[in-house]
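Colleague: I would like a close look at one part of this model. Please keep to what can be read from the structure itself.

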Amino acid sequence: MTVTTDARPGKPRERTCIGCRKRSCPADLLRMTVSGGLVLPDPDRRAPGRGAHLHPVAECLDLAVRRKAFPRAFRVPGPLDVTGLREYVAQRDKQEASATQTAATRPPAAVQTAVTT
């Protein structure tokens, strides 16, 4: 039986967003991989190959595209196609917006108060 231990006990794991360059825990970031010139989202964090991380919001994606960060992060030459990643982020933004709107329009729970005499 093999026992694995953290290489640096007590230190939290952090990754850097290639868009805004801020450090966050991996759970807050979307892992991406590259395959055949396409940048693909890897929400399960299990795809093989070199990965890069990005906050799953349009602002960080736009910053990464503007800075041409994808080829550097994946260490590949030339431009990469991010349309699949852009669709994934847009869909995720839409889902979060609808969840927020549903929670905001939900009527408050009925509160029962005990009447004492």
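Is Arg86 buried, partly exposed or exposed, and what is its relative accessible area? Please go on from there to its salt bridge and to the other charged pairs, and then to the sheet.

Modeller: The model is predicted, and what follows should be read with that in mind. Arg86 has a relative accessible area of 35%, so it counts as partly exposed; the range for that class lies between the cut-offs of 20% for buried and 50% for exposed. The side chain of Arg86 meets that of Asp62 in a salt bridge, with 2.9 Å from N to O. Arg86 belongs to helix 3 (residues 83-105) and Asp62 to helix 1 (residues 58-66), so this pair ties together parts that are 24 residues apart in sequence. Asp62 is also partly exposed, because its relative accessibility is 38%.

In general, side chains of opposite charge can pair when their charged atoms come close. The structure holds 4 salt bridges, and the one between Arg86 and Asp62 is among them. Another joins Arg92 to Glu96, where the closest N and O atoms are 3.5 Å apart. Here both partners lie in helix 3, with their positions 4 residues apart, or about one turn of the helix. Arg92 is partly exposed, at a relative accessible area of 30%. Glu96 falls in the partly exposed class too, with 40%.

A further salt bridge links Arg23 and Glu14, and its closest N and O atoms are 3.1 Å apart. Arg23 reaches 52% relative accessibility and therefore counts as exposed, given that exposed means over 50%. Its partner Glu14 has a relative accessible area of 35% and is partly exposed.

Now to the sheet. It is an open sheet of 3 strands in the order 4-3-5, and the pairing is antiparallel. Strand 4 (38-41) and strand 5 (52-54) are the edge strands, each pairing on one side only. Neighbouring strands of this sheet are turned against each other by 40° on average, direction ignored. Strand 3, which covers residues 30-35, runs antiparallel to strand 5 and is joined to it by 3 bridges. Within this pairing, Leu30 stands opposite Leu54 of strand 5. As a general point, strands of a sheet pair through backbone hydrogen bonds, either parallel or antiparallel.

To return to your starting point: Arg86 is partly exposed, and its salt bridge with Asp62 ties helix 3 to helix 1.

Key. Residues numbered from 1 in each chain as written. Predicted model: local features only at pLDDT ≥ 70, side-chain atom pairs only at ≥ 80, totals over all residues. Heavy atoms only, no water. Pairing = 2+ DSSP bridges. Helix = DSSP H or I, 4+ residues; strand = E, 2+ residues; numbered from the N terminus. Axes fitted to C-alpha atoms, helices over the stretch in contact; angles between N-to-C directions. Buried < 20%, exposed > 50% of the residue type's maximum accessible area, 1.4 Å probe, protein only.
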